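Student: I have a protein model open on my screen. Could you take me through a close look at one helix and what surrounds it?

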Amino acid sequence: MTILCVRFQLPPEREAALPALLGLLEEFTPVVEALPPDGALADLRGAERYFGRSAVELASVVRVRALALHGVDCVIGAGPGPLTARMALRDARPGVTRAVPEGGVREFLAGQPVTALPGVGAATARILCEYGLDTLGRVAAAPLSTLQRLVGAKGGRELHEKANGVDRGRVVPNSVSRSLAAERPFERDELDPDRHRRALLSAAEELGVRLRAVGKVCRTLTLTVRYADLRSRPGSSGGTPGSTTRSRTLKEPTAHSAALTGAAYALYEALGLQRARVRAVALRAEALGPAEQASHQLTFDPADEKARRIEEVADRVRAKFGPGAVKPGTLAA
């Protein structure tokens, strides 16, 4: 076992602590991949030899240091590859690392539902289950040709390999600053779509302000809706239990609050929620890049140009008088 998948139990208001927590992992290995908002992958191949300890023993050290230095507990999955470590994390709990030994990967996978495999969405899972392939063990035993007929040549081959324990993934070092997030929890489980939209407006404006403050634009926007009943909605793609997560690539990289708000609304409408009891909504700006290198398509729309000028003025007001100087929703007026 050389790969750890760590999820720090960070409340939304403490997400800014993630870089410091990643530093704990970087004390053991430089090969750390941030998984915002609260996780990371770490390749301990060299660390095991250098420190003379197993990955599970090093995971215990990380857990103790996170608690002692930051007051944050974590759950950890360990395996011979990133895919196995991610899946082991699903069975982990605080204080105990869920470890999958290299020789036990196929046995571990065999009993997992097909929906547990990263990359298998609701549509693919539905097709597989219709043919009785509801566990990874049954998928692994199915002929490759059958899987390719069901989900396509490339998808079938990847599915067959992963179900049989073939993990071609690797840990890619990156920076947590490649994304920014804003979450809006409700005081009580919220049914009103108008309140959902107002929360999205506030979160989108916050992201726009933060992006412009650091001179960044984002290419992708991700919406996560957390529910009260702790069950994912039908058609959900990813996310933790009790949530739905959807992403959209923007027409052009932007830090413009109006564009981010429009994309957030479109993601929300695409979910088709009906009488959903929502506990919180969160937006994440991803694939960040320098604003000076981003191109902007001229629209010759007076309203768009006016909104951008208002943004500039509002940003100057915030810089002078503080974040609360401009009320949420002002820019949308």
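Tutor: Happily, and confidence comes first: the mean pLDDT of the protein chain is 84, with 81% of its residues at 70 or more (pLDDT is the predictor's confidence in each residue, from 0 to 100). This is a predicted model, where local features need pLDDT of at least 70, side-chain atom pairs count only at pLDDT 80 or more, and totals for chains, interfaces and linings use all residues. Residues are numbered from 1 along each chain as its sequence is written, and side-chain values use heavy atoms, leaving out hydrogens and water.

Among the elements, strand β4 (residues 74-79) has the highest mean pLDDT, 95, and helix α12 (residues 302-321) the lowest, 64. Over residues 234-241 the pLDDT is below 50. The chain has twelve helices and nine strands; these are DSSP runs numbered from the N terminus, with helices being H or I of at least four residues and strands E of at least two.

Now to the helix, α1, which spans residues 18-26. Its buried residues are Leu18, Leu21, Leu22, Leu24 and Leu25, where buried means under 20% relative accessible area with a 1.4 Å probe, counting protein chains only. These leucines lie on the same side of α1 because they cover an arc of only 140° around the axis, an arc taken from the directions from the helix axis to the C-beta atoms. What covers them includes the strands β1 (3-8), β2 (32-35) and β3 (39-43), along with helix α3 (55-70); the contacts here are heavy atoms within 4.5 Å.

Those three strands also belong to an open, five-stranded sheet, in the order β2-β3-β1-β4-β5 and with mixed pairing. Two strands pair if DSSP finds at least two bridges between them. At the edges are β2 and β5 (98-99), each pairing on one side only. Further in, β1 and β4 run antiparallel to each other over six bridges, and Cys5 stands opposite Gly77 in β4.

For the wider setting, the largest nonpolar core has 31 residues, and Leu200, Leu207 and Leu211 are among those that touch the most other members. Such a core is a set of buried Ala, Val, Leu, Ile, Met, Phe, Trp, Tyr and Cys residues joined through side-chain atoms within 4.5 Å. A second, separate core of 27 residues includes Phe8, Phe28, Ala40 and Leu58. Across the whole chain of 333 residues, 42% are buried.

Methods. Buried means under 20% relative accessible area, exposed over 50%, partly exposed in between (1.4 Å probe, protein chains only).
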